[in-house]
Amino acid sequence: MRIVLPLAATLMAGAALAGCSKSDSFDRSSQMGANPVLPIPRQYLLPPMHVARAVGWVRGAAPTVPTGFTIKPLATGLEHPRQIYVMPDGDELVVESSGPGVEPVERPKDLIMGWVQGYAGSSAKGGNRITLLRDTNGDGVPDVRTVFVDHLVSPFGVALVGNDLYVADTDALLRFPYQAGQTRITAPGVRLLDLPGGPIDHHWTKSLVASPDGKLLYVGVGSNSNVTENGAAAERERAAVWEVDRETGRYRIFASGIRNPTGLGFEPTTKQLWAVANERDELGPDLVPDYLTSVKDGAFYGWPYSYYGQHVDPRVRPQRPDMVARAISPDYALSSHVAVLSVAFSQSPLLSGYAAGAFMGEHGSWDRDQYNGYQVVYLPFRAGRPVGKPKPFVTGFIDAKGQAQGRPVGVAIDKAGALLVADDLGDTVWRVTPATRTANVTRRPTGG
């Protein structure tokens, strides 16, 4: 048995890869916007897959940015960087993390997915820490790099409110004392509240954002399965955005039915909470579109019973017509299987032409014939709402041979207004600035 199972997994995965017909002729742009085209669901014994082999960056190579911009590494040699948080003084916190690896392997699909993740570089070991980057002279290059918080458990989200630094581990929301200028936090974190973790931890990332007034925290908690195949008990209080009183730890479910809210942010002009989300797999290469949506108090967004409003998922048992009737549609589709993992709202004059909208990191697809995602896109906003189509902004993560040199995850706007991109395959944070000017920011040297 120890021999047969890995062999079976390899053969099945190989068959899935070899069987890719590259016939995905669907117009993916038709699934970008408020009213995406949703084809008839299709189910397969083995879903169509086209997995980009992870090769990393050769020396001197970098992603591609539009004419008029330049991209350079801000930090290299990291351990699976996933998210970036910019502090008020301009310090940058890089969350280095990977999943806890506690999901059971019980079905052929689970074996295949483990193989796929290894092939694509998604299973790389993370540092389970937060690294601080500091640029003391404002030249755009960090000259201080320290381990800021260590010994975390699959961390993802970070938020600073006053002198309290909050970190969302996979199983807990932690609070650390912080003083401006610190280069390392050695005090133990206080466990503010438990978050859904193991023994199954399918979507382990917990996104985090503080409300504009600092009174509340919002936590994105992903589902524990694709469509409840791990049982209803495993989904308790998952596929939801939690609202947390940061002083007491009391929480409530703010919005539900969001399969995996991987990134949260407040739109700066309206102060409305928005989320990006990964939707379900195995209904065909063109279902279901990942999306960006405003998050409404008390709203239900469909998972698992329906998708994109009231389109019923036929696989879910028992069916719940009452829940489907409650489901509302997300605001904006991003196309199927782009694996969007972050959102950062920009009001940066430095990024001319990209100064009033949302940047989103698309980690990249596996569940379709043709690659989708593997880029950072920019979506313009007007009067607090998305307009037009997403524009590719950072590309080139897939090379001419169809191999993955890097994969974008977190995005952030730094103190100077430049775009930062965490690349968890390339173990790099990239910085995008205008090519014709130096994006400096004056910083006061601080001790720690």
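A residue counts as buried here when its relative accessible area is under 20%. Keep that cut-off in mind, because Phe359 comes out at 0% and so counts as buried. One more thing before the close-ups: this is a predicted model.

**Figure 1. The whole protein is built mostly around strands, with 28 of them next to three helices.**
Start with the overall picture before zooming in. Of the 448 residues in the protein, 58% are buried. Look at contacts with a separation of 6 or more, and 62% of them come from residues 24 or more positions apart. The protein exposes about 18100 Å², and carbon and sulfur atoms supply 53% of that area.

**Figure 2. Tyr354 and Phe393 make a tilted aromatic pair.**
The count for this model comes to 17 aromatic pairs. In the one shown here, Tyr354 and Phe393 are 4.5 Å apart, centre to centre, with 55° between the planes of their rings. Why does this pair tie together separate parts of the chain? Tyr354 lies in the loop between β21 (340-346) and β22 (357-362), while Phe393 belongs to strand β25 (residues 391-394), so the pair links parts that are 39 residues apart in sequence. Buried or exposed, what are these two? Both Tyr354 and Phe393 are buried.

**Figure 3. Phe359 and Tyr378 are another tilted pair.**
Here the centres of the rings of Phe359 and Tyr378 are 5.0 Å apart, and the planes make an angle of 50°. Phe359 lies in strand β22 and Tyr378 in strand β23 (residues 375-382), so this pair ties together parts that are 19 residues apart in sequence. Phe359 is buried, at 0% relative accessibility. Tyr378 is buried too, with a relative accessible area of 2%. Now put the rings together: Phe69, Tyr354, Phe359, Tyr378 and Phe393 form one aromatic cluster.

**Figure 4. Two rings each have a charged end sitting over them.**
Which residue has its charged end over the ring of Tyr354? It's Lys391, and the charged end is 5.7 Å from the centre of that ring. Tyr354 is also a member of the aromatic cluster with Phe69, Phe359, Tyr378 and Phe393. For the other example, look at Tyr305: the charged end of Arg320 sits over its ring, 5.8 Å from the centre.

**Figure 5. Strand β4 (residues 92-96) is mostly covered.**
How many of the five residues in β4 are buried? Five of the five are. Glu92, Val94 and Glu96 point one way from the strand, Leu93 and Val95 point the other way, and all are buried. Strand β4 pairs with β3 (residues 81-86) in the antiparallel sense, over five bridges. Within that pairing, Tyr85 has Leu93 as its bridge partner. β3 and β4 form a hairpin with five residues between them, and Gly90 in the turn has a positive phi of about 100°. Strand β4 is also joined to β5 (residues 129-134), again antiparallel and by five bridges. There, the bridge partner of Glu92 is Leu133.

**Figure 6. Four strands line up as an open sheet in the order β7-β8-β9-β10.**
The pairing in this sheet is antiparallel. β7 (157-161) and β10 (190-194) stand at the edges with a single partner strand each, so one side of each has no neighbour in the sheet. Neighbouring strands here are turned by 20° against each other on average, direction ignored. Zoom in on the middle of the order: β8 (residues 164-168) and β9 (residues 172-177) run antiparallel and are joined by five bridges. Val167 stands opposite Leu174 in β9. As background, strands of a sheet pair through backbone hydrogen bonds, either parallel or antiparallel.

**Figure 7. Another open sheet of four strands has the order β2-β28-β27-β26.**
Its pairing is antiparallel. Which strands are at the edges? They are β2 (69-75) and β26 (408-413), and each pairs on one side only. From one strand to the next, the twist averages 25°. β26 pairs with β27 (residues 419-423) in the antiparallel sense over four bridges. To find your way along that pairing, look for Ala412, which stands opposite Leu420 in β27.

Note on methods:
Residues numbered from 1 in each chain as written. Predicted model: local features only at pLDDT ≥ 70, side-chain atom pairs only at ≥ 80, totals over all residues. Heavy atoms only, no water. Phe/Tyr/Trp six-rings, centres within 6.5 Å; stacked < 30°, edge-to-face > 60°. Helix = DSSP H or I, 4+ residues; strand = E, 2+ residues; numbered from the N terminus. Buried < 20%, exposed > 50% of the residue type's maximum accessible area, 1.4 Å probe, protein only. Lys NZ or Arg CZ within 6 Å of the ring centre and 35° of its normal. Pairing = 2+ DSSP bridges. Axes fitted to C-alpha atoms, helices over the stretch in contact; angles between N-to-C directions. Contact = heavy atoms within 4.5 Å. Areas by Shrake-Rupley, 256 points an atom, 1.4 Å probe, with all protein chains shown as cover.
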